[in-house]
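Colleague: I would like to learn how to read the sheets and the nonpolar cores of a model such as this one. Could you take me through them in turn?

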Amino acid sequence: SIYEMFGNECCLSTGEVIKVIGFKINKLIASICENNEVSRFSAKVELPLDFPGLYKVVADKTPYVSIEEIARKVSIGPTRFGHPCFYSPEDIKLANFTVKHGEQITFNSVEEVNGTMAVNCVVVRNNQSHSFTLPLSQEGKFYECEDDQIYTLKEIAEWKIPKCRNRIVKLSNTVRMWDFCNPLPENFDGCLSLMPIYEVQAVMKFRKDIVHILSDLDVEVKDVTDCYDISSFLQPLSLEDVFERTSMEFPMVAEIMEGPSGSQKPYNLLSTGKEIVIYKKHQAARILASEIRSDSPKRHFLIPMSYKGKFKRRPREFPTAYDLEIARSGKEQLHVVATKAFTSPHKELFSVSVGDQFLVQQCQTSEILYEGRKKVVDVLACEQILSDTYKKVLLPMYMEGGFVEVIHDKKQYHLSEICKEFPLPFNVKVSVRDLSIEEDVLAAVPGLQFEEEITDSYLLISSASSPVESWEIPIYRLNMLVHLLSKDVQRVVPPVTKTTVEEISKEQYYMVRRYENQTLHPPPRPPKKPT
């Protein structure tokens, strides 16, 4: 049988032996839901996995009848997505522990325990974690817990659609406009039922690439697993698979079976067929930064601590007096100018005019007269800057006005100095670009806000043929497949390490922030007006 796959002809001859290495969702068929039910009149639309937007998963109301069914149908693994949560409507009595009905059970991994396959589980009770195992033979009703995380469509396809089931999702945030005709209704913000269309991933004996076979291909096959030496096939590994290896197994030589797209270093070095040395796995710090601009879309970056450019400060903007209190630091006095007028309803508190300048002092309490009664409220003590003097004033903490920072500091800072001396978020502009990299993408950005410092997982790699420099590659944002070669590493110590500023998409930005904060909690808001 000869057929075309992604523009390439592939021949499946009679007698050809194929090793199936996995099933992958190729695309999704979506139907609009009403009250979590698919309408009979709802049209079906095809959505590619890169369809934009962030989605919340709606918990499946159909229970699983055993732990074995969960392990067989639900993705459970070592990554951040592979820890599904369930609850039982009945108590589960174990030898040394009882899981109470309704308690959230987190499934972490599947492994053999004393000769029996079981799931490693955790229950958090009174802020304490209790670990235990549930055998696959455990029966009962197990329901999915509500999930407050947000996901891209690709993440849902890879981790959150159980085998033999559809998945209902709710659109949480449209992160960018779809470049082509949007198949969904205009301003749609409801629920979708997703039906997966699979492809088979396989390796063939005399090919080094991954073969993708659509699940509707009309080919007759026979299972020969029990009578064939499968060790003669290549074993593809994702970057996450490599990262799960023990530190003792590094360094290693690998050949790229599927490389990422991209023309910048190091991605242009990672083409299919290239051999690389993977020296080690490690955690590295990055500064998450966003472009300062009033219109969208903003650009987002992950900046390595080794960045050699210099920055000058840019003024921050504060929507409330409460934000001034949050930004206040002991290193320097915060100087701001009002951009919006505010009339205080209480004579004890100051009314602000556009152009008023203040030095922020401290938070304190003050008595005010409210409807004939004295009330104590939180206020922000400031000094108003007049032409030849200073006037002590009190601003209500709930005041919704507008302030912009006045910068007196003209010094140029390295990234490490900013992280050491100032709290984040912090506004800057590149004043001296990093001359050690070919193209400094930050130099052209008019302003940046350093939002937070994050820690991410990387592999340190170099070219096997010309290891003059090594690079950090992120394991969670790079789609790559390799297979390991039984070759000795000529140079155990990695060459000089180069890092790069990584520009990330808005979906990846939300994912990075979500990983760091677990859930995206809104910032604390100022106190309300007295009532």
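Modeller: We will begin with a sheet and then turn to the cores, bearing in mind throughout that this is a predicted model.

Colleague: In what order do the strands of the open sheet run, and how do they pair?

Modeller: The six strands of this open sheet follow the order β7-β14-β8-β11-β12-β13, and their pairing is antiparallel. Because β7 (64-66) and β13 (128-135) each have a single partner strand, they stand at the edges, and one side of each is left without a neighbour in the sheet. From one strand to the next, the twist averages 45°.

Colleague: How many bridges join β7 and β14, and which residue is the bridge partner of Tyr64 in β14?

Modeller: β7 pairs with β14 (residues 139-144) in the antiparallel sense over two bridges, and Tyr64 has Phe142 as its bridge partner in β14.

Colleague: How should I approach the nonpolar cores, and which elements supply the largest one?

Modeller: In soluble globular proteins, nonpolar side chains tend to be buried together. Here the largest nonpolar core has 22 residues, and those with the most contacts inside it are Leu28, Leu47, Tyr55, Leu153, Ile156, Leu192 and Leu194. At least two residues of this core come from each of β3 (18-34), β5 (44-47), β6 (54-57), α2 (153-159), β15 (167-173) and β16 (191-204), with α2 giving the most, namely four residues.

Colleague: What does Leu47 touch, leaving aside residues up to four places away in sequence?

Modeller: On that count, Leu47 touches Lys27, Leu28, Ala30, Leu153, Pro183 and Leu192. Apart from the largest core lies another, of 21 residues, which include Phe318, Tyr322, Phe350 and Met399.

Methods: Residues are numbered from 1 along each chain as its sequence is written. This is a predicted model: local features need pLDDT of at least 70, side-chain atom pairs count only at pLDDT 80 or more; totals for chains, interfaces and linings use all residues. Side-chain values use heavy atoms; hydrogens and water are left out. Two strands pair if DSSP finds at least two bridges between them. Axes are lines fitted to C-alpha atoms, for helices over the stretch in contact, and angles run from 0 to 180 degrees between N-to-C directions. A nonpolar core is a set of buried Ala, Val, Leu, Ile, Met, Phe, Trp, Tyr and Cys residues joined through side-chain atoms within 4.5 Å. Buried means under 20% relative accessible area, exposed over 50%, partly exposed in between (1.4 Å probe, protein chains only). Contact means heavy atoms within 4.5 Å.
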